[in-house]
Amino acid sequence: MTLNYRNIALFAGMALLLVLEGASAKNAIFSGSWDTSLGILNVGLISAVLALGVNIQWGYAGLFNAGVVGFVAIGGLAPVLVAMPANPGAFSAGGIGLAAAFAAAVATVWLAILVNRRASLQVRLIAVPLILIGGFLLYRALFGPATTAIEAVNTAAAGNLGGLGLPVVLAWPVGAVFAAGAAWVVGKTALGLRSDYLAIATLGIGEIIVSVLRNEEWLARGVLNVNGIPRPWPVPREIDLQSSADFVARAASLGLDPVSASTLTVKLLYSALFLIVLLVLIWLTQKALSSPWGRMMRAIRDNETAAAAMGKNITRRHLQVFILGSAVCGLAGAMMITLDGQMTPGSYNPLRYTFLIWVMVIVGGSGNNFGSVLGAMLIWYLYTKAESWGPQLMAFVTSGMADGSAIKAHLLASAEQMRLLTMGLILLLVLRFSPRGLIPEK
Amino acid sequence: MDFLNAIVALLNFVIIPASAYGAQLALGALGVTLIYGILRFSNFAHGDTMAFGTAITILVTWGLQALGVSISPLPTALLALPFGILATAALVLGTDRAVYRFYRKKKSDPIILVMASVGVMFMMNGITRFVIGVRDIQFDDGVRFVINAREFRAATGLAEGLALRSTQVITLVTAVLVVWALFWFLGRTRTGKSMRAFSDNEDLALLSGINPERVVAVTWIIAAALATIAGTLFGLDKSFKAFNYFQLLLPIFAAAIVGGLGNPLGAIAGGFVIAFSEVAVTFDFRKVVAYLVPGDWTPDGPIQLLSTEYKFAVSFTILIIVLLFRPTGIFRGKST
């Protein structure tokens with residue numbers, strides 16, 4: 001990509017917004033807090049990774065993934081399983097039963113596929129459902145006692161399998177692999193049919209992954225949440241910084257109190273870490289886009305029939321790009337959990353993690369990686385700020401009304417809901433009037 | 001006696017609730033399938049159209065209740081339903097004008113329309129929340145039971161009670177009437193026939209002088225009516241909460257695809273297939289089995305294939321199976 005002053009100006013404008021957010025005095029628009037500004041930046045960087053993943057699917061290949069939230073959630077499982085300390089005794093209590101249950105499930109599916117391929121139609125019609133039902137009952141019989149045993153171990157503090165106790169950065173690629181696995185299952189069934197089917201199937205898998213995380217307490221404690229996920233390597237804990245005399249002295253020389261200095265340091269280190277991941281990803285995706293592979297993907301997106309006539313296997317390519325994109329979403333999910341330091345399955349909301357990401361990609365410019373990144377930062381900034389702007393705007397709108405009137409109270413109370421409305425409106429307006437987004441594809 | 005008890009338990013916990021739920025899903029899926037047949041895209045905003053229609057119906061219900069209007073023993077919401085339908089029809093017609101028509105004229109890819117419907121979904125969701133809030137709302141004010149469990153036990157002497165809620169009866173009766181009216185309309189009237197012609201072959205229909213904008217407008221009005229009725233019945237039967245309607249989207253899509261997208265008969269069958277599977281798979285059959293086998297044979301744990309939290313997994317699994325083996329659905333809808 002050649003230097004494009006318009007794009008540089010757009011990114012500079014975005015940076016300026018974040019700087020103003022931190023540096024300006026507290027006023028109606030900006031909070032004037034570096035803490036808020038860096039908080040927005042960090043989640044914005046993760047959202048940018050997520051938007052890159054969605055852009056790989058939508059921008060490169062025209063695949064509509066309506067279950068991004070599921071891939072984010074399954075990626076978020078990785079830090080729990082990789083980085084948390086093991087729950088002593090849990091594995092010996094139910095590990096073998098659990099492994100047997102999963103083995104039974106795999107064997108059942110494999111047997112069913114085998115019979116379905118080999119046997120005659122009459123045998124198939126009876127045998128396949130019987131195998132599936134029998135296998136499912138066997139799985140349940142093995143699974144139930146095993147999970148009960150695991151959940152009984154150290155229930156108050158853990159009650160789950162626990163993790164491997166490895167560094168949390170290792171969990172990021174693992175999250176990507178988890179998401180890729182889920183994407184393979186969905187893509188294998190829903191791709192190659194009409195394009196709406198993928199949207200509907202992904203909507204389903206998204207809800208299912210989230211409900212699994214909510215309900216399977218042996219896995220990640222369900223709605224009990226997992227707290228205290230270890231920090232990645234260079235990021236210290238605030239409390240350690242505050243107790244270090246050296247750090248306190250240096251903070252004082254910059255004119256900061258130790259508490260805010262420590263939170264800022266932690267956030268900055270996170271930003272650096274996420275920025276590295278984002279830059280590597282942008283470099284990779286840009287390389288991929290300009291490679292023969294990228295040309296092929298665009299050719300398929302723009303004219304499937306012609307690409308198929310040139311000997312390209314459309315369904316296989318779609319599956320490949322769908323898995324790649326989902327893996328990036330999984331990576332972002334793992335990063336998100338690392339930043340939060342806790343796993344709260346209740347927070348996986350499709351509006352926030354699927355459709356907001358879509359708005360980011362479309363506003364930024366689908367098909368353009370830099371566009372997705374810019375869209376992610378900008379929309380995340382607006383989405384966060386709308387929380388304080390909405391009520392202020394509503395207060396301004398209603399300032400002429402009589403105090404205590406029911407309409408005024410209702411309007412003030414529903415300012416929070418206007419966020420959704422605004423997001424929908426932005427999506428529709430951009431889709432209609434500027435479908436190529438802020439930074440269009442070439 | 002035990003055998004009768006088992007049947008009553010099955011009726012009470014599986015067959016009756018699943019029938020009512022199935023009728024609600026069928027009405028929802030009919031709307032989705034009609035839009036798909038005529039406008040050729042999956043309308044993600046359908047769940048929120050249902051929520052909006054229900055919200056307006058609830059508001060009018062409250063208004064009527066405040067005026068002292070009542071059609072007891074039936075719930076007041078039934079009287080408010082036409083107002084809800086009118087408001088929803090106006091909303092979706094406006095949406096079509098402002099959003100979908102542009103892409104239709106441009107002959108955009110269906111997936112662009114799907115995406116636009118996601119934007120519409122956001123907006124409708126916002127409007128619904130704005131109008132009525134996010135609380136859980138009970139608005140059923142009619143007589144609660146047709147058959148009361150306690151009275152049933154007293155009258156029959158069975159250990160198992162049978163409860164038939166009036167909302168369930170209303171759901172089934174309304175659904176039958178609506179489906180009958182819809183099929184009469186599609187099969188007998190000129191407009192209905194032109195809709196079917198348009199769905200079967202757009203070019204041929206245009207050649208024979210069918211006005212596409214009129215067909216589209218009628219489709220939206222019918223879809224709005226179906227959505228409002230389905231949403232109100234669902235709300236009467238359970239309760240109204242905006243987010244639940246978003247979650248209904250998956251079973252509704254599954255029902256429409258199982259039956260074959262674009263096929264109205266299929267949508268109804270699909271609705272019941274999904275509802276019965278969902279209820280049967282997540283029901284704990286322990287009680288029923290206990291009546292049928294000798295006392296000490298009954299297992300200790302629940303006899304349940306999946307816990308109720310996973311009811312979405314049921315519609316999803318059925319969806320996947322259909323996509324794998326028969327992507328056009330049971331009744332051969334459109335697949336391309």
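Contact here means heavy atoms within 4.5 Å. Keep that in mind and select B:Phe44, which touches A:Ala66, A:Ala199, A:Ile200 and A:Leu203 on chain A, leaving aside residues up to four places away in sequence. On its own chain, B:Phe44 touches B:Val114, B:Ser117, B:Val118, B:Met121, B:Leu249 and B:Phe253.

A word on what you are viewing: this is a predicted model, where local features need pLDDT of at least 70 and side-chain atom pairs count only at pLDDT 80 or more, while totals for chains, interfaces and linings use all residues. Residues are numbered from 1 along each chain as its sequence is written, chains are lettered from A and ligands numbered from 1 in the order in which they are written, and side-chain values use heavy atoms, with hydrogens and water left out.

**Stop 1: the core**

Next, add A:Tyr348 and B:Leu27 to B:Phe44: these three touch the most other members of the largest nonpolar core, which has 227 residues. Such a core is a set of buried Ala, Val, Leu, Ile, Met, Phe, Trp, Tyr and Cys residues joined through side-chain atoms within 4.5 Å; buried means under 20% relative accessible area (1.4 Å probe, protein chains only). Now colour helix α2 of chain A, residues 34–61, which gives the most to this core with 16 residues. Helices are DSSP runs (H or I, at least four residues), numbered from the N terminus. Domain 1 (5–88 + 154–433) and domain 2 (92–153) of chain A both contribute residues, so the core lies between them. Another core, of eight residues, lies apart from it; B:Ala6, B:Ala9, B:Val14 and B:Val279 are among them.

**Stop 2: the two domains of chain A**

Colour the two domains separately; their bounds come from an automatic or database domain assignment. Their centres, taken over C-alpha atoms, are 35 Å apart. Domain 1 of chain A brings 10 residues to the contact and domain 2 of chain A brings eight residues.

**Stop 3: where chain A meets chain B**

Finally, show both chains: 49 residues of chain A are in contact with 53 residues of chain B. About 4600 Å² is buried between them, with carbon and sulfur atoms giving 75%; this is the accessible area (1.4 Å probe) that two parts lose on being put together, summed over both. Pick out A:Arg194, A:Tyr197 and A:Ile200, which supply 14% of the area that chain A buries against chain B, more than any other three residues. Across this interface the rule finds zero salt bridges (side-chain nitrogen of Lys or Arg within 4 Å of a carboxyl oxygen of Asp or Glu). To end, select α7(A), which gives the most to the side of chain A that touches chain B, with 14 residues.

Methods
Buried means under 20% relative accessible area, exposed over 50%, partly exposed in between (1.4 Å probe, protein chains only). Helices (H or I, at least four residues) and strands (E, at least two) are DSSP runs, numbered from the N terminus.
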